[in-house]
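Welcome! Here are a few exercises to work through with the structure open in front of you. Try each task yourself before reading its solution.

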Amino acid sequence: MPNIIPIKSPAWWKKLMPKRRWNFSDTEQSIYLTFDDGPIPEVTPWVLDCLKEYQAKATFFCIGNNIEKHPELFSRIIEEGHSVGNHTQNHLNAWKTKTELYLTNIQYAQETFYHHKSFTKLFRPPYGRLKRKQEEVLLAKGFDIIMWSVLSKDYNQKVTPEQCLKNIVENLVSGDIVVMHDSKKAQKNLMYSLPKMLEHFSKEGYVFKKIS
């Protein structure tokens, strides 16, 4: 994701793209933690162990190619009670990909999910980018397009682990969808910030929910 993307999704984004999901209107203290780009053996098992320690549920937006490489990790995500969503087969940038090719890639990933007994209709576009026509087709096919309200920026090598944690703690409110990454690029920031944010918000009485 480009560094210019704000930590907190602005209200005008939501008005400009109202058919996408940016947050939830929960009356109780709830956080919707999401992870993009896995599953990979270097990071995803650690994330799952961390979530289990705090009895937290999350949603993993998986790349189809990674599912094919690491099916046992994908199965573990589901077996431990988390949700999964489509993140394309090869992490394509929608703005740089012809619509037909992009939609075909999503369908290929969807078949990968089906093959591993997951029938999700959740979708998150890589980089948060999606052309209007692509959005229209996906909505017509019954997909829920999940965006976010808080971006940790754990993937940004210029962001320190301390700043990554601060990005979450200082911006999060109940019902927010938070983006983190179970990827090698984000590993250092993730491994510092995730357990600390789970501990902080658990003490505050928040519940970590999956998107379903």
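**Exercise 1.** Which residues point one way from β7, and which the other way?

*Solution.* Keep in mind that you are looking at a predicted model.
- Step 1: Start with one side of β7, where you find Ile177, Val179 and His181.
- Step 2: Turn to the other side of β7, where Val178 and Met180 point.
- Step 3: Link this to a general pattern: side chains in a regular strand alternate between the two faces of the sheet.

**Exercise 2.** Find out why strand β7 (residues 177-181) is described as largely enclosed by the rest of the structure.

*Solution.*
- Step 1: Recall that a residue is called buried if its relative accessible area is under 20%.
- Step 2: Apply this to the strand: 5 of the 5 residues of β7 are buried, so the rest of the structure largely encloses it.
- Step 3: Set this beside the protein chain, where buried residues make up 55% of the 212 residues.

**Exercise 3.** Work out which strands pair with β7, and in what sense.

*Solution.*
- Step 1: Look at strand β1 (residues 30-36), which pairs with β7 in the parallel sense over 5 bridges. Here Leu33 stands opposite Val178 in β7.
- Step 2: Look at strand β6 (residues 150-151), which runs parallel to β7 and is joined to it by 2 bridges. Val150 has Val178 as its bridge partner in β7.
- Step 3: Put the two together: Val178 stands opposite Leu33 and is also the bridge partner of Val150.

**Exercise 4.** Follow the pairing from β1 to β2, then decide whether the faces of strand β2 (residues 59-62) are covered or not.

*Solution.*
- Step 1: Count the bridges: β1 and β2 pair over 3 of them, in the parallel sense.
- Step 2: Pick out a pair of partners: Asp36 has Phe61 as its bridge partner in β2.
- Step 3: Check the faces of β2. Thr59 and Phe61 lie on one side and Phe60 and Cys62 on the other; all are buried, and both faces are covered.

**Exercise 5.** Step back to the protein chain and explain why it counts as compact as a globular protein of its length.

*Solution.*
- Step 1: List the elements: the chain has 8 helices and 8 strands.
- Step 2: Compare the radius of gyration, 16 Å, with the 17 Å that the globule rule gives for 212 residues; the two are close, so the chain is as compact as a globular protein of that length.
- Step 3: Add the contacts: among those between residues at least 6 apart in sequence, 76% join residues at least 24 apart.

Technical notes:
Residues are numbered from 1 along each chain as its sequence is written. This is a predicted model: local features need pLDDT of at least 70, side-chain atom pairs count only at pLDDT 80 or more; totals for chains, interfaces and linings use all residues. Side-chain values use heavy atoms; hydrogens and water are left out. Helices (H or I, at least four residues) and strands (E, at least two) are DSSP runs, numbered from the N terminus. The radius of gyration is taken over C-alpha atoms; the globule rule is 2.2 Å times the number of residues to the power 0.38. Buried means under 20% relative accessible area, exposed over 50%, partly exposed in between (1.4 Å probe, protein chains only). Contact means heavy atoms within 4.5 Å. Two strands pair if DSSP finds at least two bridges between them.
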